[in-house]
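Subject: The two-chain model, with notes

Hi there,

Here is the structure I promised to pass on. Have a look at it first, and then read on for what turned up.

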Amino acid sequence: MIDIRALSKRFGPLVAVDGVSFTVRRGEVLGFLGPNGAGKSTTMKMVTGFLAPSAGTAVVCGHDVVQEPLAVKERIGYLPEGAPAYPDMTPESFLRFVGSVRGFRGAALRNRIDELVSVVHLEGVMRQPIDTLSKGYKRRVGLAAAILHDPDVLIMDEPTDGLDPNQKHEVRQLIRAMAPDKAIVLSTHILEEVEAVCTRAVIITRGRVVADGTPAELQARSRSHNAVRIAVRVASPALAGGVRDELARLRYVEAVEPCPSDNGSATFVVRPKAGRAILPEVTTCVRAKGWEVDELRVEEGRLDEVFRDITTGPMANGGAR
Amino acid sequence: MSEPIARRVPVPGAASRMLAVLRRELAGYFVTPVAYVFIVIFLLVTGLFTFSGDLGGFFERGQADLRPFFVFHPWLYLFLIPAVSMRLWAEERRQGTIELLMTLPVPLWAAIVGKFFAAWAFVAIALALTTPLWVTVNYLGDPDNGVIVAGYVGSLLMAGAYLAIGSCVSALTRNQVIAFIITVVVCFAFLLPGFGPVTALLSAWAPARLVEAVASFSFLTRFESVAKGVIDLRDMVYFASVIALFLFGTAAAIEGKKAA
């Protein structure tokens, strides 16, 4: 439903977005990741028709944002960064305004606003100036405005930024609940959020897409993907070195890193060569040696590691060119 | 789940979206004390100018008309109208709400015209509150009400021209104070060609026809001709063109920032 085609944006000599392309289908929640200044917001502003692209375009539900901006704006719900809203207005009057622009009138408008109030929990603040609301409430007002017309496409720029853990949880639940019949794009730099709500992640840095895949696929690119974390009970700390050597001798093992651990056991992370599964080798070894194991677990890989590698690695410095 | 909500409501026309913007903007004037402060100042100052013996000389003239009231409007508006128009776009940009407004399905012209009409309606309300003066002159004497109507029409048209200039300037900055100052300067430039001392200076060396041509570009000249009671089509067209020109300028300023 969202088809981004070689979107580029230059601000004078600065290339903020440089040929970004990806598509989002119904039912997908796409996490749009990247360091600050990577071009996430700029890309979203172009897709929603706020900024004009320098080159390329985005097609939303079959409408080209450059050719038919209004048709696109009718179909998108957009939560801009920081959830701007008119500070002197109350959530009530603000939502009435957005609703009337979206074509809601009279009873339909009232009913829809009542629905939204319970969906995003605005009970009790509807008649207070938005100015006086907490960050969490302001964000919810923005979210209510974005989903007021139940859009097919929802684009949110850092929807949970600045919220407390409970509020984050609530917003994520809401996103998950809406996900099946919408195409959703959300930008974030909270990686746990990607694991929690996204079905796909696109990482951009310096205006270019450097990774595109499911969170699991991205995790697989992590150095610690398929690494085995093992804690072996040892009689004395001196014996830990022997355990380490045994592990290092196993097939497909790249490195064994000691980890801090509580008394009585020696803990290591065993990293495989090229992400191979090494659990069979490790368990065979455990059985053969008769070790008493306190902990044994396969790491899925860490997104933050991938994120750091990708956004600061040689690719990030234009090596791909 | 029921049918998606988006499909239950008809897609509204651009005009009704323009009205939504207009209503929001107009209500926006009244949620803060600014509107009331403006109206009070407007009424106080018009009253002062009109009745003061040195300025308007309403009583001293011994004539039942509203000339002493209207004659100061071009100068009064020079400072009061930019205060109304300065927030139109600058404030949207400063608060970031422009991103919200421009990503709602409102055509750019509808947003510009909606905001402009809201500001104009606000000034019209302030102007309407001066009608007790009109009642007063009718009580005191037997004025030519046609001339007074013309005065109100001219005043409102001139206010529209000032507001359009203010809208355009406001679209160029995110700072309301800067918007105010620049608007005052630009509006002043539109007064000067018809201002007595300037025309006197010009007529010292320029042919009368040229002086007249230059003066015809002035709000002052145009307004005075309307306020005399002559609703001339040319004056209407003049103010309407200034309004249209600066509203196009507003659109250009906003489009320019979008593409920047």
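A word on one term before the results: a residue is called buried when its relative accessible area is under 20%, and exposed when that area is over 50%. By that cut-off, 50% of the 260 residues of chain B count as buried, and in chain A buried residues make up 54% of 321. Please keep in mind that this is a predicted model.

**The two chains**

Chain A has eleven helices and 14 strands, while chain B has 14 helices and zero strands. Read along the sequence, chain B is therefore a run of α elements from start to end, since its pattern lists nothing but α. The C-alpha atoms of chain A fill a box of roughly 75 × 50 × 30 Å along the principal axes; for chain B the C-alpha trace spans about 75 × 45 × 35 Å.

The surfaces may interest you if you plan to set up calculations. Chain A exposes an accessible surface of about 13800 Å², with 50% of it belonging to carbon and sulfur atoms. For chain B the accessible surface is about 11900 Å², and carbon and sulfur atoms account for 72% of that. As for charges, chain A carries 42 positive and 40 negative side chains, and the centres of these two sets lie 3 Å apart. Chain B carries 18 positive and 15 negative side chains, with the two centres 12 Å apart.

Contacts that span long stretches of sequence are frequent in the counts for both chains. Taking residues at least 6 apart in sequence, 68% of the contacts in chain A join residues at least 24 apart. In chain B the corresponding share is 74%.

**The four-stranded sheet of chain A**

Four strands of chain A form an open, antiparallel sheet in the order E2-E1-E4-E5. Its edges are strand E2 (14-24) and strand E5 (63-64), each of which pairs on one side only. Helix H1 (residues 40-47) of chain A packs on this sheet and touches E1, E2 and E4, with its direction at about 115° to that of E1(A).

Inside the sheet, strand E1 (residues 2-11) and strand E4 (residues 55-60) of chain A run antiparallel and are joined by five bridges. Ile2(A) has Val60(A) as its bridge partner in E4(A), and Ser8(A) has Ala55(A). E4(A) is also joined to E5(A), by two bridges and again antiparallel; here Val59(A) stands opposite Asp64(A). The hairpin of E4(A) and E5(A) has two residues between the strands, and Cys61(A) takes a positive phi near 50° in it.

How many of the residues of H1(A) are buried? Eight of its eight, so the helix is mostly covered. Among them are Lys40(A) and Lys45(A), along with Met44(A), Met46(A) and Val47(A). After H1(A) comes Gly49(A), with a positive phi near 85°.

**The six-stranded sheet of chain A**

Chain A has another open sheet, of six strands in the order E6-E7-E8-E3-E9-E10, and its pairing is mixed. Strand E6 (76-79) and strand E10 (208-213) are its edge strands, each pairing on one side only. On average, neighbouring strands of this sheet are turned by 15° against each other, direction ignored.

At one end of that order, strand E9 (residues 200-205) of chain A pairs with E10(A) in the antiparallel sense over five bridges, and Thr205(A) stands opposite Arg208(A). Helix H5 (residues 135-147) of chain A lies across E6 and strand E7 (153-157), running at about 165° to E6(A).

**A glycine in chain B**

One residue of chain B is worth finding in your viewer: Gly151(B), in helix H9 (residues 145-170). Why does Gly151(B) count as buried? Because its relative accessibility is 0%, and the cut-off is under 20%. Leaving aside neighbours within four places in sequence, Gly151(B) is in contact with Phe70(B), Phe223(B) and Ala227(B). Its C-alpha atom is also separated by 9.3 Å from that of Phe69(B), 82 residues away along the chain.

Happy to talk any of this through once you have had a look.

Best wishes

Definitions and conventions:
Residues numbered from 1 in each chain as written. Chains lettered and ligands numbered in written order. Predicted model: local features only at pLDDT ≥ 70, side-chain atom pairs only at ≥ 80, totals over all residues. Heavy atoms only, no water. Buried < 20%, exposed > 50% of the residue type's maximum accessible area, 1.4 Å probe, protein only. Contact = heavy atoms within 4.5 Å. Areas by Shrake-Rupley, 256 points an atom, 1.4 Å probe, with all protein chains shown as cover. Lys, Arg positive; Asp, Glu negative; His and termini not counted. Charge placed at Lys NZ, Arg CZ, Asp CG, Glu CD. Pairing = 2+ DSSP bridges. Axes fitted to C-alpha atoms, helices over the stretch in contact; angles between N-to-C directions.
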